[in-house]
Amino acid sequence: MKAKEDDKTGMENLKEKTAKGLLWGGMNNGVQQLVGLVFGIILGRLLSRDDFGMIAMITIFSVVANNLQSSGFKTALVNLREPRHEDYNSVFWFNILAGAVIYVVLFFCSPLIAAYYHQPALTWLCRYVFLGFVLSSWGMAQAAYLTKNLQIKQLAQCGMTAVLLSSVTGALLAFLGCGYWALATQSLLFILTNTLLMWHFSPWRPTLHIDFGPVKRMFPFSVKILVTTIFTDINANVMNIMLGRHFSARDTGDYNQAYQWSFKGSMLIQNMVKAVDQPVLVGLDDERERQLRVLRKMVRFTAFVSFPLLFGLGLVAHEFIVLAIGEKWATSAELLPWLCFSGAFMPLSALLGDLIVSRGRSDIFMWCTIVLGLAQVALMASLWPQGIHVMVMTFVALNVAWVGVWFYFVSRMTGYDLLSFLKDTVPFALAAAAVMVATAMATRSIHSLWLLLAVRMVMASLLYYIVMRVARVQMLSDCQQFISARWHKSNS
């Protein structure tokens, strides 16, 4: 009897921790995306398409270098059952050393990057932007500690403060005429502020007793995460790489502006779930049936939110882009609906991938990501003469289809059958799609962009809510009950 009571208590504690993590993860990402929305509009109006294109060209080098510096050890620490001080300390000093070495290498490689894109001005821009991963190296172990201990509230406070301060600074510099340097400074200030705040909230501190033994032990796992993350970044930036090489900075800026808006919506959901999924799934590794139940509920929650949000953004793409950042970005508005379609599936791919990692199969995660990356590079390299639209549609189709690859491996590990997965996802996708089609048809006679944007947003939201209520979707009831409980608790 006592064992059953302890198990029930454990389930309630896990449910509460997961719910709180989702709440704070959602708040963190919601605030960051809202701030990003407001200042994205401001920067889109103040800066040129070429300014955004210049930053987009070098993003891939910055993120890959950042991953080389962290080398997957943050994920490795989170994946350990009970990481010790020695584990955190070893990773901390390795990150510092790796960050310094990689920055020196890329400092001298910057002229080669500028030559690849035929943009001499990129040399010093690269050297400035790449300081970011030197700064972030000081906070990797702290971030791992907070994540491992599900201190999502503290991580949220770090992220929300950093994005607000850096965005205000970036907008001010853009107003003063600093061009792409404003975007570069915004990125650096975000990393610096976030790192300092993680030091403030995390009780863990490094010591001068440096031992790289734990790093060596984690290396077989972390190197797979490293390679995977690098290819994930290549997958996300392959269009910028190809467009920057074969087209103009303006064309690159048009695509990147559309991608960034769809990315904001996708990451709002993905980061909310990612804040808790791996720690929770790892903690349930010895309880496979319970782990599968938790995974399915996470899948349903992700589909419940992701499809209406991204499909909705695609619905209002034209009026939103033109009204928010101006007619000069009309080409971006044409690309945004396609990218939103694939963006709706990205949180599901990320969740399934995290389950694979939580089972210790980072090798499968790595090879799936590598094959996807190679396929994208090959397709984009062969299709660029056909134009940007053909490249974007191919990019979208491949990423949507790859959800099936992730699911194949998850089903083999967990027994999550295809019919159950379709039941957990397809009804939300069809409901969201039907709502957007109905809204588009009902509002097609409205000519005022402001009125069209407002009516479509309100109508689509209400229709989706009504469909969920009429269908008596349990996920809607669960979300309402949790929000209501938190509201009453905060006011009691």
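R300 is partly exposed, with a relative accessible area of 27%. Keep in mind that this is a predicted model, and that every value I give is computed from it.

What does R300 pair with? The side chain of R300 meets that of D424 in a salt bridge, at 3.4 Å from N to O. That pair joins distant parts of the chain, since R300 sits in helix α12 and D424 in helix α18, 124 residues apart.

D424 has another partner. R296 also forms a salt bridge with D424, and here the closest N and O atoms are 2.8 Å apart. Again the link spans distant parts of the chain: R296 belongs to helix α12 and D424 to helix α18, with their positions 128 residues apart. So R296, R300 and D424 are linked in a network of salt bridges.

Is D424 buried or exposed? Its relative accessibility is 3%, and buried means under 20%, so D424 counts as buried. R296, by contrast, is partly exposed, at 23%. As general background, side chains of opposite charge can pair when their charged atoms come close.

Next to D424 in the numbering is T425, which lies in helix α18, residues 418-442. T425 is buried, with a relative accessible area of 5%. What does its side chain reach? The side chain of T425 reaches the backbone oxygen of F421, at 2.8 Å. Setting aside neighbours within four places in sequence, T425 is in contact with V299, A303, F307 and L348.

Back to the salt bridges. How many are there in the whole structure? The search finds 4. One of them is between the side chains of D87 and R84, at 3.3 Å from N to O. D87 counts as buried, at 8% relative accessibility, while R84 is partly exposed, at 41%.

Last, the end of helix α12. Helix α12 covers residues 288-315 and helix α13 covers residues 317-325; the two pack at an angle of about 65 degrees, with their axes 5 Å apart. Angles of 65 to 115 degrees count as roughly perpendicular, so α12 and α13 are described that way. Which residues make the contact? On the α12 side they are L313, G314 and L315, and on the α13 side A317, E319 and F320. By type, the residues of this contact divide into 4 nonpolar, 1 polar and 1 charged.

To recap, R296 and R300 of helix α12 each pair with D424 of helix α18, and D424 is buried.

Terms used:
Residues are numbered from 1 along each chain as its sequence is written. This is a predicted model: local features need pLDDT of at least 70, side-chain atom pairs count only at pLDDT 80 or more; totals for chains, interfaces and linings use all residues. Side-chain values use heavy atoms; hydrogens and water are left out. Helices (H or I, at least four residues) and strands (E, at least two) are DSSP runs, numbered from the N terminus. Buried means under 20% relative accessible area, exposed over 50%, partly exposed in between (1.4 Å probe, protein chains only). A polar contact is a pair of N or O atoms within 3.5 Å; within protein, one must be able to donate a hydrogen and the other to accept it, and residues adjacent in sequence count only if both atoms are side-chain atoms. Contact means heavy atoms within 4.5 Å. Axes are lines fitted to C-alpha atoms, for helices over the stretch in contact, and angles run from 0 to 180 degrees between N-to-C directions. Angles under 35 degrees count as roughly parallel, over 145 as roughly antiparallel, 65 to 115 as roughly perpendicular and the rest as oblique. Ala, Val, Leu, Ile, Met, Phe, Trp, Tyr, Cys and Pro count as nonpolar, Asp, Glu, Lys and Arg as charged, and the others, Gly among them, as polar.
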